[in-house]
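Visitor: Could you give me a close look at one part of this model, the nonpolar packing, and then work outward from there? I'd like one connected story rather than a list.

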Amino acid sequence: MFAFPALHLPALELNKEGQIYEKEGKYYIIDLLRKKHLLLTPEEWVRQHVVQWLMACGYPKGMMSLESSQKLSLQRRYDLLVFDKNKDPFLLVECKASHIKISSDSFQQILSYNLSLQAPYILVTNGLKIFILSKTDKGYAPLSNLPPYL
């Protein structure tokens with residue numbers, strides 16, 4: 001029986017493109033962006049909710065990139081990056097499984113990714129807590145709402 005926790009994000013709208021199915025005792029989801037069948041881990045559960053939430057808020061599906069690599073000191077993969085209409089980084093997202101506490105390490109991870117990307121907004125979530133920050137001249141400032149897509 002499928003039982004991932006309820007999150008503080010809108011419920012997933014599951015259809016033929018984003019359905020959850022079981023195979024050999026494991027659950028999979030068809031990812032809307034990558035059009036791939038993915039093992040439905042607790043982190044993927046949160047990531048898929050975030051993608052659908054962003055789309056519901058007017059962020060275009062075609063401007064999102066999931067789990068792409070970037071060169072830093074080591075090869076690393078960000079969870080989600082939304083590009084603006086000029087194809088510049090706009091919102092960098094770090095997703096954690098709902099049982100993982102958002103900590104200073106979570107912020108250090110996304111901030112290290114953003115050193116090269118330079119997205120003006122970052123979002124860190126475990127699906128239960130959502131932190132949105134705006135890049136300023138002096139660092140980052142918390143936001144109470146998701147920035148409108150530009």
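Guide: Let's agree on one word to begin with: two residues are in contact when they have heavy atoms within 4.5 Å of each other. Keep in mind, too, that what you're looking at is a predicted model.

Now find Y59. Leaving aside residues up to four places away in sequence, Y59 touches L54, M64, V82, F90, L91, L146, P147, P148 and Y149. Several of those names come back when you zoom out to the largest nonpolar core, which has 29 residues. The members that touch the most other members there are V50, L54, Y59, M64, L80, L91 and L146. Two or more residues each come from β2, α1, β4 (64-66), β7 (80-83), β8 (89-95) and β9 (121-125). The top contributor is α1, with six residues. There's also another core, lying apart from this one, made of twelve residues that include Y78, L117, A119 and L133.

Since α1 gives the most to the largest core, follow that helix next. Helix α1 covers residues 42-56 and lies across β1, β2 and β3, running at about 135° to β3. Those three strands form an open sheet in the order β1-β2-β3, with antiparallel pairing. At the edges sit β1 (20-23) and β3 (37-39), each pairing on one side only. From one strand to the next the twist averages 40°. For a register check, β2 (residues 26-30) pairs with β3 over three bridges, in the antiparallel sense, and I30 stands opposite H37 in β3.

The loop between β2 and β3 is worth a stop, as K35 is found there. K35 has a positive phi of about 55° although it isn't a glycine. As background, most residues other than glycine have a negative phi. Another case is Q118, with a positive phi of about 60° and likewise not a glycine. Q118 lies in the loop between α2 (104-117) and β9. With a relative accessibility of 41%, Q118 counts as partly exposed.

Back to the helix, this time for charges. In α1, the side chains of R47 and E43 meet in a salt bridge, 3.1 Å from N to O. Because these two residues are four apart in helix α1, about one helical turn separates R47 and E43. What about their surroundings, buried or exposed? R47 is buried, since its relative accessible area is 3% and the cut-off for buried is under 20%. E43, at 27% relative accessibility, counts as partly exposed. This pair belongs to something wider: salt bridges with shared partners join D31, R34, E43, E44, R47 and D79 into one network.

Within that network, D31 and R34 make a salt bridge through their side chains at 2.9 Å, N to O. Both D31 and R34 are buried. Elsewhere, E94 and K96 meet side chain to side chain in a salt bridge of 3.3 Å, again N to O, and both of these residues are buried as well. The model's count comes to six salt bridges.

If you want one thread to trace on screen, start at Y59 and step to L54, a residue within helix α1 (42-56). From that helix, cross to β1, β2 and β3, then pick up the R47 and E43 salt bridge and the network that includes D31 and R34.

Technical notes: Residues numbered from 1 in each chain as written. Predicted model: local features only at pLDDT ≥ 70, side-chain atom pairs only at ≥ 80, totals over all residues. Heavy atoms only, no water. Pairing = 2+ DSSP bridges. Axes fitted to C-alpha atoms, helices over the stretch in contact; angles between N-to-C directions. Salt bridge = Lys/Arg side-chain N within 4 Å of Asp/Glu carboxyl O. Buried < 20%, exposed > 50% of the residue type's maximum accessible area, 1.4 Å probe, protein only. Core = buried A, V, L, I, M, F, W, Y, C linked by side-chain atoms within 4.5 Å.
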